[in-house]
Amino acid sequence: TVSGFAGFAEMAAFHPSVPSMDAVNHAFTTLSVNENVINNPLELYTNALKEHPLITKMITGGVLATCGDAIAQSQNEEAYDKRRAASFGLFDTMYRALQHATFPIIVAECHGQYMSGFLNSFGFGSLLADQMNYMAAMEQTLASQLGIVPFLYYPVFFALTGFVQGLNKEETIARAKENFIPLMKRNLLFWIPVQFVQFGYVPTDLQIPFLSVCGLCWTFILSASAGSVKGYSEDEVEEVIEIVTTQQQLFPTMNSTLVFEEAYCISSPEEVMQKEEVMQKEEEYASMR
């Protein structure tokens, strides 16, 4: 091999058209680096974060949110809703851009001083005087969860996903009123521990990708809880009313509320009949009293 390289070097010296040894070594080095990048997707992703941080975070969030919604949709028997998937992907893409812009502000403003002052007012400040890093992480978490989430995250979520899925203003507001409080409770239980770890332990450039990965699970919860706009659209309500009217004509003894539930797929037909029997027994019992 050595003699081969020596011969190649000698030939290159007499023939200018033959690449020099430096050029060959550079080509092999470049090829080796490229192979390492291809064989190590994490390194490729890390490089993309360094060179194009915003767009990489936005794409990461959008792709994982779409996957989370797809998992949620796979749990029911209905056809895959592309508009619903698009609304979740678009929303998460935009939200990662918002986080990219607001997280540096939150970190710059919240160093644990507010929690320390709050604890000092109750005489507990000295107990956590050497734990400022943890208090800073909790402050930053609460700033995100009690500031950004209720006043930016959910208003944009309901408005954007409702618009993409075809809801008007009144239908969007009705959907938000019904789902905001339950979702906010789940949001705090899920995201406070996650964001505490994010702000306290995850390197700054990896924080939003970390949240996007955790968001895969959260998007499943969000999509399963409030992803579908079924029941808020006026067209669907009219269709359900027609179903209720038809079934009332065929089965006049069946309770209209239960028929409405069945039409909305809230309960199975068997559950509807069981509820009907229970309600009839309750009415009989009430008439005997």
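This passage describes the helices, their packing and selected residues of one protein chain.

The model is predicted; local features need pLDDT of at least 70, side-chain atom pairs count only at pLDDT 80 or more, and totals for chains, interfaces and linings use all residues. Residues are numbered from 1 along each chain as its sequence is written, and side-chain values use heavy atoms, with hydrogens and water left out.

The protein chain holds 12 helices and 0 strands. Here helices (H or I, at least four residues) and strands (E, at least two) are DSSP runs, numbered from the N terminus. Read from the N terminus, the order of elements is α-α-α-α-α-α-α-α-α-α-α-α. The protein chain has 289 residues, and 33% of them count as buried. Buried denotes under 20% relative accessible area, exposed over 50%, and partly exposed in between (1.4 Å probe, protein chains only). Contacts (heavy atoms within 4.5 Å) were also sorted by sequence separation. Among those between residues at least 6 apart, 64% join residues at least 24 apart.

Helix α7 spans residues 132–164. It bends by about 60° at V149. The bend is the angle between axes fitted to the seven residues ending at a residue and the seven starting there. A proline, P150, follows V149 within four residues. Just after α7, G166 adopts a positive phi of about 95°. F163 also belongs to helix α7. This residue is exposed, because its relative accessibility is 65%. F163 and S87 are separated by 76 residues in sequence, yet their C-alpha atoms are 8.4 Å apart in space.

Two helix pairs involving α7 were examined. Two packed helices are described by the angle between their axes and the distance between the axes. Axes are lines fitted to C-alpha atoms, for helices over the stretch in contact, and angles run from 0 to 180 degrees between N-to-C directions. Angles under 35 degrees count as roughly parallel, over 145 as roughly antiparallel, 65 to 115 as roughly perpendicular, and the rest as oblique.

The axes of helix α6 (residues 113–120) and α7 come within 8 Å and cross at roughly 105°. Helix α6 is therefore roughly perpendicular to α7. On the α6 side, Q113, Y114, M115, S116 and L119 make the contact; on the α7 side, M132, M135, M138 and E139 do. S116 of helix α6 is buried, because its relative accessibility is 16%. Outside its neighbours within four places in sequence, S116 contacts M132 and M135.

The axes of α7 and helix α8 (residues 169–201) also come within 8 Å, crossing at roughly 150°. The two helices are therefore roughly antiparallel. The crossing of α7 past α8 is right-handed; that is, the near helix is turned clockwise from the far one by less than a right angle, whereas anticlockwise would be left-handed.

Aromatic pairs number 15. Rings of Phe, Tyr and Trp (its six-membered ring) pair if their centres lie within 6.5 Å; planes under 30 degrees apart count as stacked, over 60 as edge-to-face and the rest as tilted. F190 and W191 form an edge-to-face pair, 5.0 Å centre to centre with 80° between the planes. W191 is buried, because its relative accessibility is 7%. One aromatic cluster comprises F88, F91, Y95, Y153, Y154, F157, F158 and F180.

F88 of this cluster also touches T219. T219 sits in helix α9 (residues 207–226). T219 is buried, because its relative accessible area is 4%. Beyond residues up to four places away in sequence, T219 touches A65, G68, D69, F88 and D92.
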